[in-house]
Amino acid sequence: MGTLKKVIFDTDPGVDDAMALMLLARCAEVELLGVCTVFGNGHIDTTTRNALFLAERLGLAAGVYRGAGAALDGTVHAPPVHVHGRNALGDIELPPQPGRDVAPQGAHEFIVDTLRRHPGEVSLLAVGPLTNLALALRSAPDIAELAREVVVMGGAFGHHGHSGNVSPFAEANIYCDPVAADEVFAARWPVTIVGLDVTHQTVMSTPYLRALARESGELGALIWEISRVYQAFYRGTGVTDGFYVHDASAVACLLAPALFGTVRSPVAVDTQGETVGRTRLEPAPGAASARPVQTVCVEVDSAGVLELYRERLRVPASDSGG
């Protein structure tokens with residue numbers, strides 16, 4: 001058990017969030033401690049319902065913890081139904097009621113308690129707006145010294161020509177709560193940012209998705225089903241075949257960091273004005289009070305990420321399903 005990587009997954013499911021959770025569930029080296037929900041790809045009721053559905057479908061032992069339904073300043077963003085569908089899972093048919101209940105504890109309280117219970121052991125993997133992490137920091141600043149690492153899917157720094165996806169400057173997760181993101185990046189815990197600079201370098205094509213559907217049992221079929229709306233959206237943005245691999249790239253970075261090339265720098269977020277939500281590298285710190293140096297992914301072995309995903313989800317010939 002000592003070799004397992006303890007993970008809290010903070011998420012706003014979401015088609016790509018669901019695919020990331022499937023990867024985590026198929027990793028024998030991961031001990032998933034909890035799934036925390038946040039607004040983003042749907043309203044908080046929707047993303048929490050989706051997390052409960054996925055937890056049951058994947059047979060997760062981890063609980064689902066309901067988190068923030070609005071940004072730190074109270075802003076409630078309209079969900080991107082044109083990207084993920086009205087139910088945020090590609091408008092597949094879902095059960096009227098989830099087969100399990102949400103945990104009684106709130107998400108940010110769960111994060112605080114878990115980090116204190118396992119000091120230095122827990123990786124936070126956040127693939128939605130960073131509101132839950134910021135609330136945890138605000139309520140218990142000491143937890144920054146207790147996290148093993150924080151891996152974030154979010155942001156864009158202009159490498160390979162990739163800037164924002166909800167504005168010319170901002171990526172969606174950061175844009176939804178820029179103040180929370182700025183506070184998370186300023187905290188003195190080790191953050192790795194997996195942004196559009198690398199996620200837009202990796203595409204799951206139709207042949208790849210067909211192979212997943214063929215090789216990965218029930219999960220492969222579910223991926224195909226939930227991703228129809230998602231792929232149609234990306235076709236409209238100029239991606240001729242398939243879609244970018246956002247949240248699963250963050251899982252890949254957690255599992256196999258050697259697949260990514262990085263730079264080290266303090267990171268800040270624009271919290272107001274025309275460029276709100278923009279992530280930017282700051283000058284190197286010159287004083288003890290300056291922002292900590294964090295890790296930003298700028299290169300990726302795309303073929304390696306795709307092979308990791310396919311290999312982990314592949315069902316052995318002796319196994320009948322997912």
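These are my notebook entries on a handful of spots I looked up in this structure, which is a predicted model.

**Entry 1: strand S5**

I started with S5, residues 149-153, and asked how many of its residues are buried. I got 5 of the 5, so the strand is largely enclosed by the rest of the structure. Next I checked which way the side chains go. Glu149, Val151 and Met153 point one way, while Val150 and Val152 point the other way. Every one of these is buried, on either side. That fits what I learned about strands: in a regular one, side chains alternate between the two faces of the sheet.

**Entry 2: the neighbours of S5**

Which strands pair with S5, and in what sense? One partner is S4, residues 122-126, joined to S5 by 4 bridges and running parallel to it. Here I found Leu125 standing opposite Val151. The other partner I noted is S6, residues 191-194, which also pairs with S5 in the parallel sense, over 4 bridges. In that pairing, Met153 has Val194 as its bridge partner.

I also wanted to know how the chain gets from S4 to S5. Helix H5, residues 131-139, belongs to this unit: S4, H5 and S5 together make a β-α-β unit, and it is right-handed.

**Entry 3: hunting for disulfides**

How many disulfides does a search of the whole structure find? The count is 0. I wanted to see why for a couple of cysteines, keeping in mind that the two sulfurs would have to be within 2.5 Å.

Cys176 was an easy case. Its closest cysteine sulfur is in Cys36, 18 Å away, and that is too far for a bond. Cys176 counts as buried because its relative accessibility is 13%, and the limit is under 20%.

Cys297 made me look twice. Its sulfur is 3.9 Å from the one in Cys253, the closest cysteine sulfur, but this is still too far for a bond. Cys297 is buried too, with a relative accessible area of 0%.

**Entry 4: aromatic rings**

The count of aromatic pairs comes to 5. I wrote down two of them.

Tyr230 and Phe243 have ring centres 5.0 Å apart and planes at 65°, so I put the pair down as edge-to-face; the cut-off for that label is over 60 degrees. Tyr230 sits in helix H10, residues 217-236, and Phe243 in strand S8, residues 243-244, so many as 13 residues separate them along the chain. Both are buried.

Tyr234 and Tyr244 have centres 5.3 Å apart and planes at 80°, so this pair is edge-to-face as well. Tyr234 is in H10 and Tyr244 in S8, so the pair ties together parts that are 10 residues apart in sequence. These two tyrosines are also buried.

Putting the ring pairs together, I get a cluster of Tyr230, Phe233, Tyr234, Phe243 and Tyr244.

While in H10 I noted one more ring contact: Arg228 lies over the face of Trp224, at 3.7 Å from the ring centre.

**Entry 5: checking the length of helix H2**

H2 covers residues 44-58, which is 15 residues. At 1.5 Å a residue it should span 21 Å, and its end C-alpha atoms are indeed 21 Å apart, so the two agree. The helix is mostly covered, with 11 of its 15 residues buried. Among them are Ile44, Asn50, Phe53 and Leu58.

**Entry 6: odd backbone spots**

Is the peptide bond from Pro13 to Gly14 cis or trans? It is cis, with omega near -10°. Gly14 is in the loop between strand S1 and helix H1.

I then noted two positive phi values in residues other than glycine. Ala88 has phi near 70°. Ala88 lies in the loop between helices H3 and H4, and at 1% relative accessibility it counts as buried. His160 has phi near 60°. His160 is in the loop between S5 and helix H6, and its 39% relative accessibility makes it partly exposed.

**Entry 7: one exposed residue**

Last, I looked at Gln272, in the loop between strands S10 and S11. Is Gln272 buried or exposed? It is exposed, at 65% relative accessible area. Back to S5 for a distance: Gln272 and Val152 are 120 residues apart in sequence and 21 Å apart in space, C-alpha to C-alpha.

Terms used. Residues are numbered from 1 along each chain as its sequence is written. Side-chain values use heavy atoms; hydrogens and water are left out. Buried means under 20% relative accessible area, exposed over 50%, partly exposed in between (1.4 Å probe, protein chains only). Two strands pair if DSSP finds at least two bridges between them. A crossover is right-handed if, with the strands pointing away from the viewer, the path from the first strand over the helix to the second runs clockwise. Rings of Phe, Tyr and Trp (its six-membered ring) pair if their centres lie within 6.5 Å; planes under 30 degrees apart count as stacked, over 60 as edge-to-face and the rest as tilted. A charge sits over a ring if NZ of Lys or CZ of Arg is within 6 Å of the ring centre and within 35 degrees of the ring normal. The expected span of a helix is 1.5 Å times one less than its number of residues.
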